[in-house]
Amino acid sequence: MLQLDMPSPQTIAHRILVHQPNVPPPITLEIYPTLRCNLDCQFCDTTDRHRPPQQELSSSEWCQIVKEAAQMGAKQLFVLGGGEPFIYPALMDILHVAKEEGLWGMITTNGTFLNAERRAQLIDMHWDEIHISMDGATAKTHDSLRGKNGTFQKIVQSICHFRAEKALRGVHSPELVLHWVITNRNYTEIPHVLKLAKSLGIHRIDFDGLIAYTPEQKVLELNPFQQQSFVNIVEHSIQLATRYGIRTTLEHHQKNVRGTTVPPSGQRVGLLGSPCYKPWHHLTIQADGKISPCCVLAGEGENIREGTVQQIWKDSPYLNRLRSQMLNHTPTKRCSECSPNILSQEWAIQRALIELTDTQNKNT
């Protein structure tokens, strides 16, 4: 299998533009195979993660969904979860189907299930990216936030094994990426995790803000004093990351505090000023089949079991209402919970749309 490239904002913008005023096929299919998890993370917002499976889609249903999305023109599959994806028994079957269909693939995991067999399978299928959750630069911090001792050690061991196994085979995929949720328990350790990443051969860390719904989550929020200290740490860490050759999303968190404001609209009217383009390029499906255009609004729409992927994507009253709201620059209230990381990608799509439109207008 050939190594694939992740679709660029320009690619997404072009597809949206050429299909106007119709709805283009989705670029990204994001799936949540299960809400079950083996950890008890203090900041997790999936409150039912320890309940028995709640009408989870079967492996055959997931495989059919992936095939339908690819046949429509999807280019990539994101495998996330309110739980741990590798707990889903037939997960590897789904990943194999995605690669057979020519999709670029990313999966997010807590890193505790990356044993030798799974590592070999992921390397063999040329899986593209594995995002491993790491929320402390030490075992003490990480394990306390994750609710289980030994998880930090497992992550470090898995990364080391992956690095060695890829080197022996002379391959670069899958790329390993660290994902870090910023809390008042770990923000001072950000410079230290950059040093750790360098020693482990990690070249990218995605930092994300905390969204607090419950009292347990709210106690992890940064207070005003900590927020100011965080800004200084971010400035230092950006310089450190540049020195180490590590890509991060820290610049998105210098001024933006997640959950405080609804995404702003652009200066153009209609589509070119939309605050978000997810309803035109991104389909998210929960473990029970409920749809949405993103993780923030996960599970709000109809059920994928009610029709084909194409029917649901194009005819969903829920998605079409969101598209209308975005065109009118009136995003829903919950859109304020969106991550600055995601919004930066949407604004890159907006810039590409404007450039493409202006170029077309000059040539006509």
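**Exercise 1.** Which residues of helix 5 (residues 139-146) are buried? Then say what they pack against, and find the phi of the residue just after the helix.

*Solution.* The model is predicted.
- Step 1: Apply the cut-off for buried, under 20% relative accessible area.
- Step 2: The buried residues of helix 5 are T141, H142, D143, L145 and R146.
- Step 3: These buried residues pack against strand 4 and helix 6.
- Step 4: Go just past the end of helix 5. G147 there takes a positive phi of about 80°.

**Exercise 2.** Describe the largest nonpolar core, then list what L122 touches.

*Solution.*
- Step 1: Start from the general tendency. In soluble globular proteins, nonpolar side chains tend to be buried together.
- Step 2: The largest nonpolar core in this model has 76 residues. Those with the most contacts inside it are L29, L77, L95, L122, W127, L178 and I285.
- Step 3: Helix 2 (residues 59-72) gives the most to this core, with seven residues.
- Step 4: Take L122. Leaving out residues up to four places away in sequence, L122 touches F86, M92, L95, L114, W127, I130, F162 and P174.
- Step 5: Add the second core. This separate core has 16 residues, including L17, L272, Y277 and A352.

**Exercise 3.** Work out how helix 7 (residues 190-200) and helix 9 (residues 224-244) pack.

*Solution.*
- Step 1: Choose the descriptors. Two packed helices are described by the angle between their axes and the distance between the axes.
- Step 2: For helix 7 and helix 9 the angle is about 15°, and the axes are 9 Å apart.
- Step 3: Classify the angle. Angles under 35 degrees count as roughly parallel. Helix 7 and helix 9 are therefore roughly parallel to each other.
- Step 4: Give the handedness. Helix 7 passes helix 9 in a right-handed crossing.
- Step 5: List the contacts. Helix 7 brings I190, P191, L194, K195 and K198. Helix 9 meets them with F230, I233, H236, S237, L240, A241 and Y244.
- Step 6: Sort by class. The contact has eight nonpolar, two polar and two charged residues.

**Exercise 4.** Place the cis peptide bonds from Q20 to P21 and from S173 to P174.

*Solution.*
- Step 1: Read omega. The bond from Q20 to P21 has omega near 5°. The bond from S173 to P174 has omega near 0°.
- Step 2: Locate P21. The loop between helix 1 (9-19) and strand 1 (28-31) holds P21.
- Step 3: Locate P174. The loop between helix 6 (151-169) and strand 5 (175-181) holds P174.
- Step 4: Link back to Exercise 2. P174 is one of the residues that L122 touches.

**Exercise 5.** What is the phi of H126, and what is the phi of H329? Place both residues and state their exposure.

*Solution.*
- Step 1: H126 is not a glycine, yet has a positive phi of about 60°. H329 also is not a glycine, and has a positive phi of about 60°.
- Step 2: H126 is in the loop between helix 4 (116-124) and strand 4 (129-133).
- Step 3: H329 is in the loop between helix 12 (317-327) and helix 13 (340-362).
- Step 4: H126 has a relative accessible area of 22% and is partly exposed. H329, with 23%, is partly exposed.

**Exercise 6.** Where does G299 lie, and which residues does G299 touch?

*Solution.*
- Step 1: G299 lies in the loop between strand 9 (291-292) and helix 11 (309-315).
- Step 2: Its relative accessible area is 25%, so G299 is partly exposed.
- Step 3: Leaving out residues up to four places away in sequence, G299 touches Q286, K290, I291 and S292.
- Step 4: Compare sequence with space. G299 and T284 are 15 residues apart in sequence and 8.4 Å apart in space, C-alpha to C-alpha.

Key: Residues are numbered from 1 along each chain as its sequence is written. This is a predicted model: local features need pLDDT of at least 70, side-chain atom pairs count only at pLDDT 80 or more; totals for chains, interfaces and linings use all residues. Side-chain values use heavy atoms; hydrogens and water are left out. A nonpolar core is a set of buried Ala, Val, Leu, Ile, Met, Phe, Trp, Tyr and Cys residues joined through side-chain atoms within 4.5 Å. Buried means under 20% relative accessible area, exposed over 50%, partly exposed in between (1.4 Å probe, protein chains only). Helices (H or I, at least four residues) and strands (E, at least two) are DSSP runs, numbered from the N terminus. Contact means heavy atoms within 4.5 Å. Axes are lines fitted to C-alpha atoms, for helices over the stretch in contact, and angles run from 0 to 180 degrees between N-to-C directions. Angles under 35 degrees count as roughly parallel, over 145 as roughly antiparallel, 65 to 115 as roughly perpendicular and the rest as oblique. A crossing is left-handed if the near helix is turned anticlockwise from the far one by less than a right angle, and right-handed if clockwise. Ala, Val, Leu, Ile, Met, Phe, Trp, Tyr, Cys and Pro count as nonpolar, Asp, Glu, Lys and Arg as charged, and the others, Gly among them, as polar.
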